[in-house]
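Here is a structure to look at together, with some questions about the terms used to describe it.

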Amino acid sequence: MSCANRIACRLLVIWACLLVFAHPAHGQTHGAEDTLDLITQGADLQYQGRHVEAEAIFAEVLALEPNNVYVLNRMALACTVQGKLVQAGELFYSVLTLEPDNGFARLWSGVLLLAQDKPDQALAAFQYVLEQDPSNVDACYFMGVVHSVENNTAQALHWLKKAQALGSDDPATHWRLARAFAGLGMSANARLELELALELDPD
């Protein structure tokens with residue numbers, strides 16, 4: 001596995017954990033109360049970090065409602081956290097077949113492409129998301145990740161700073177900003193970003 005691949009896979013799990021409470025789809029649930037109960041149970045399990053059990057619940061829902069994009073995205077996210085990237089990719093693809101403009105599925109398809117060492121395709125996916133939603137902080141962050149992996153420090157800095165301005169204040173953002181500043185010879189800025197990253201995550 002290449003360095004870029006390892007970085008992307010680590011980011012997959014980290015970012016999936018951060019987004020596990022998001023509302024990834026715009027689809028609506030249909031059907032009886034028992035289906036809604038199952039969705040609630042799955043979401044609660046996911047909230048608790050019990051992704052294997054959540055995946056099983058979401059599979060039950062999809063057996064009843066195979067085109068439920070909300071649940072497809074939730075299940076894909078559960079698979080991503082578990083490292084089941086092929087299955088996650090298939091689920092996100094199903095969402096995009098149903099809703100080509102689904103930003104959450106498009107974003108995560110891009111991340112999976114990055115994990116497969118396909119930075120150009122990943123970049124296109126993130127750009128598509130930003131065309132639909134210019135303020136999407138996650139797309140901005142991953143644009144920065146792609147450019148960082150490709151050693152394009154100026155572009156990495158641009159997108160990471162934009163992500164930070166939009167609200168991405170996690171250690172990974174500061175760490176990547178530090179690397180980008182260092183690559184441009186801006187040592188004082190690099191040191192500041194590194195200090196911020198260590199404050200947020202001393203480990």
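The questions below concern a helix and some aromatic rings.

The model is predicted, so local features need pLDDT of at least 70 and side-chain atom pairs count only at pLDDT 80 or more, while totals for chains, interfaces and linings use all residues. Residues are numbered from 1 along each chain as its sequence is written, and side-chain values use heavy atoms, with hydrogens and water left out.

Q: Why is Phe92 called buried?
A: Buried means under 20% relative accessible area, exposed over 50% and partly exposed in between (1.4 Å probe, protein chains only); Phe92 has 0% relative accessibility and therefore counts as buried.

Q: Which residues of α5 are buried, and what puts them on the same side of α5?
A: Ala88, Leu91, Phe92, Val95 and Leu96 are buried. They cover an arc of only 140 degrees around the axis, taken from the directions from the helix axis to the C-beta atoms, which puts them on the same side of α5. On the other side, Val86, Glu90, Tyr93 and Thr97 are exposed.

Q: Why is the pair of Phe92 and Phe104 called tilted?
A: Rings of Phe, Tyr and Trp (its six-membered ring) pair if their centres lie within 6.5 Å, and planes under 30 degrees apart count as stacked, over 60 as edge-to-face and the rest as tilted. The centres of Phe92 and Phe104 are 6.3 Å apart and their planes stand at 55 degrees, so the pair is tilted.

Q: What makes Phe126 and Phe142 a stacked pair?
A: Their rings are 5.6 Å apart centre to centre, with 20 degrees between the planes, and the aromatic pair is accordingly stacked.

Methods
Helices (H or I, at least four residues) and strands (E, at least two) are DSSP runs, numbered from the N terminus.
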